[in-house]
Structures are given as structure tokens and as C-alpha cells.
Amino acid sequence: MNSAIDLRSDTVTRPTRAMRAAMSSAELGDDVYGEDPTVNRLQELAAELTGKQGALFMPSGTMANQVAVRAWTQPGDALMTARDAHVYLYEGGGAAALSGVQAVLLGRDGLFGLKDVQAATAPDDIHFARTRLVSIENTHNRSGGRIFPQVETDAIGEWARKRGWALHLDGARVFNASVASGASVEEIARPFDSVSFCLSKGLGAPVGSLLCGDRGFIEDAVRIRKLFGGGMRQVGMLAAAGIHALDHHVARLAEDHQKARFLAEGLAGVPGIEMHGIPETNIVVIKAQNASGLWKRAQEEGVLLSLMDAATLRAVTHLDVSHEEVASAAEILVRVLAQDDA
Ligand code: TLP
């Protein structure tokens, strides 16, 4: 398995030697008491980068999103989001189970606009669940790492603000959006009341996400994180990996985007598959009629992909996969497809 080219996700990266060194020399304390200096430093850095008053270190992106849902809603409220958003589709029904919230699903391929939000806005009537939160995912995972258009975010943000709804950014890969678009994370985050981002994806840390927002929101989030079992102790070792990732692994995301484009271009026009456009960031979505057969044969040939559904495969480029490996993954996939076609 070790020599396989692992394109299942950017979560598979392992800490670099320099990151491990930063982890092993981290100053530690008990973070449930707020006394881990390295965690505090990471939280300050995250607040600064997103332009928010505060930030909270979380064990996962899923917990960061679900804590935000719980903080902004009451049971019986509605959450508006894309029908293929991670917060709805990939978090085990968490919004329903942990917050008693129902989802109002919008758009397609992760994208939706003000018009969709307006059309789904229920009248103020006792029959309807009250919308309290809109969640936007940027970049959007299932659609192939697409960047959510800022003009739509701004328009949706204004609509939400007028109604007293909160706007949450699932920014698991917001640094990819920033590097690809040239907009700073702070600019992307500006219309949002809360922002989650992951250290454990393209940034290459082993664990961890940040949830950012204003002071009152962070106070609520601290309580809810504890309720959800996410209070951590001498976790500065992991926070040190996060600080290292933010200091050293952001600009290099551009290389991952180049590798994804290279892979997509290598597969474009090959019979038996359909590419979901040219990737804007680090995720390549491949549509294939026999996706599970292709997935299995690719695995036998040493290329690991994600099987998203019966007709969709996903390849994600990252820190631990070189340009040469991506080139050979493309060759192997073309060969496997040609065998299928014969
Ligand atoms: N995504 C994972 C899987 O869960 C699908 C992956 O391999 O891409 N938001 C977004 C947009 C995500 O893509 C993910 C993880 C999360 C949140 C959750 O992060 P974790 O895995 O830390 O709970």
C-alpha cells in the first residue's frame, strides 16, 4: 500500500520532518483551562487570518461545523445549504441529531445564488420552520473544489443579515480558495458570522480545524465543544503542527492546483469518462458509468481514488504526491480505461 499513489483525499498527508520538530518542542498546558500557550497562539493567528474577534481549536472540521450549527440555531429551525454540502451530506445527519435542525437544500454542485435563497425563504408563518442559518462551502468538495463566487456570498450575506440569520462558511479548504482566487482569507471570510477551516487537509497537519467568529459566538462555541466531547488537554502539540502549516504550507497550495489541472488535462477526452470541467483548485471529479469497476482496477494498479457514488470518482492532489506521481497516475488511469474500452 505504501507505494500506492494516494489521491483519495488531501487528508492523507503525513506531517513533514519540520512539522514534527515543531510539534515535539511545543510549549504545553491544559487547554480546557485555556492554559495551552501554543493553542492560544494558533487561535490568535486564526482570528487574525480570518479577520474575526476570536477562534477556537477543534478536533475536526465536522465538529467545527456542527458546533456552529448548534450555536446559531434552536431545535425546529432550518439551515439553508447546498444539497451536496458537507455539513448536510457528510456529517452523519449531525445537524438533525445534534441540533434538531432541518435542512433546506439549494442549488447544485455546491453552488447557489441569492435567487435560490429568496425562492426558499418561507413566509413568517407558524407552519414553517424558521431559517436561522445559511451555510456556504468554499471551496466546494463534491463539485471538484470549486470556488464559491464572492458576489453571490455578498448578496446572500445581505439578505441573511436583514432577516437576522447567521451566515456560516465551511471553509475546510478556504486557503485553497484564497490561493487560487488571489483574495485573502480575510476578504473571503468578511461577510460570514462564523468560519471553519481545516489544518488537516491541503495544509498538511495531522489533525485540527479552527472555528472563528466574534467574541460572543466563541464563548458559546467553547461550551458546545465541551458538550460535544471536544474539550482537549495538552493539545498544543497538534496546535504547533497547525501553526507550522499556516506559516509554511499556504503558498505551496498553488502546486497542488497545478497538479490537479495536469491530471484533469491528461484525462480530458479519454473515452469512458467525463471530466467535471478543469479544476479550479486541488480536486478532480471524474464521471464514469462504471465508476466502481474503474475505482477497483485503479486500486489494483496502485492508484487510490475516492468512490463518491456509483458514477463519480474523486482524485485530490496534496503535499505528499509529487508531480511525477500525478503524471504516472494519469497514465495508469488512461491505460485502465483503454482496457475497459477494448
Ligand atoms: N472531507 C473529507 C470527507 O469527509 C469527504 C474529504 O476527504 O474531503 N467540510 C468539508 C468541505 C470537507 O471536505 C470535510 C472533510 C469536512 C468539512 C470535515 O472535516 P473532518 O474530516 O476534519 O471532520
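Colleague: What makes the pair between a nitrogen atom of the ligand and the side chain of Asp-170 a polar contact?

Modeller: In this predicted model, that nitrogen is 2.8 Å from an N or O atom in the Asp-170 side chain. A polar contact is a pair of N or O atoms within 3.5 Å, so this pair counts.

Colleague: How do you know how much of the ligand the protein buries?

Modeller: Taken alone, the ligand exposes 510 Å², and the protein buries 82% of that.

Colleague: Which residues place a polar side-chain atom by an oxygen atom of the ligand, and at what distances?

Modeller: Thr-62 has one 2.6 Å from a ligand oxygen, and Asn-141 has one 2.9 Å from a ligand oxygen.

Colleague: Why is Asp-170 counted among the residues around the ligand?

Modeller: A residue belongs there if one of its heavy atoms lies within 4 Å, and the 2.8 Å of Asp-170 meets that, so Asp-170 is counted. In total, 14 residues surround the ligand, and the closest are Ser-9, Gly-61, Thr-62, Asp-170 and Arg-173.

Colleague: Which helix gives the most to this shell?

Modeller: That is helix H3, residues 61-72, with three residues.

Colleague: What kinds of residue make up the shell?

Modeller: One is nonpolar, seven are polar and six are charged. Asp-170 falls in the charged group, because Asp counts as charged.

Colleague: Now the domains: how do you know that domain 1 and domain 2 touch?

Modeller: Domain 1 covers 17-248 and domain 2 covers 252-341. Their contact takes 19 residues from domain 1 and 15 residues from domain 2. About 1400 Å² is buried between them, with carbon and sulfur atoms giving 52%.

Methods:
Residues are numbered from 1 along each chain as its sequence is written. This is a predicted model: local features need pLDDT of at least 70, side-chain atom pairs count only at pLDDT 80 or more; totals for chains, interfaces and linings use all residues. Side-chain values use heavy atoms; hydrogens and water are left out. A polar contact is a pair of N or O atoms within 3.5 Å; within protein, one must be able to donate a hydrogen and the other to accept it, and residues adjacent in sequence count only if both atoms are side-chain atoms. Accessible areas come from the Shrake-Rupley method with a 1.4 Å probe; for residues, only the protein chains shown count as cover. Helices (H or I, at least four residues) and strands (E, at least two) are DSSP runs, numbered from the N terminus. Domain bounds come from an automatic or database domain assignment. Contact means heavy atoms within 4.5 Å. Buried area is the accessible area (1.4 Å probe) that two parts lose on being put together, summed over both.
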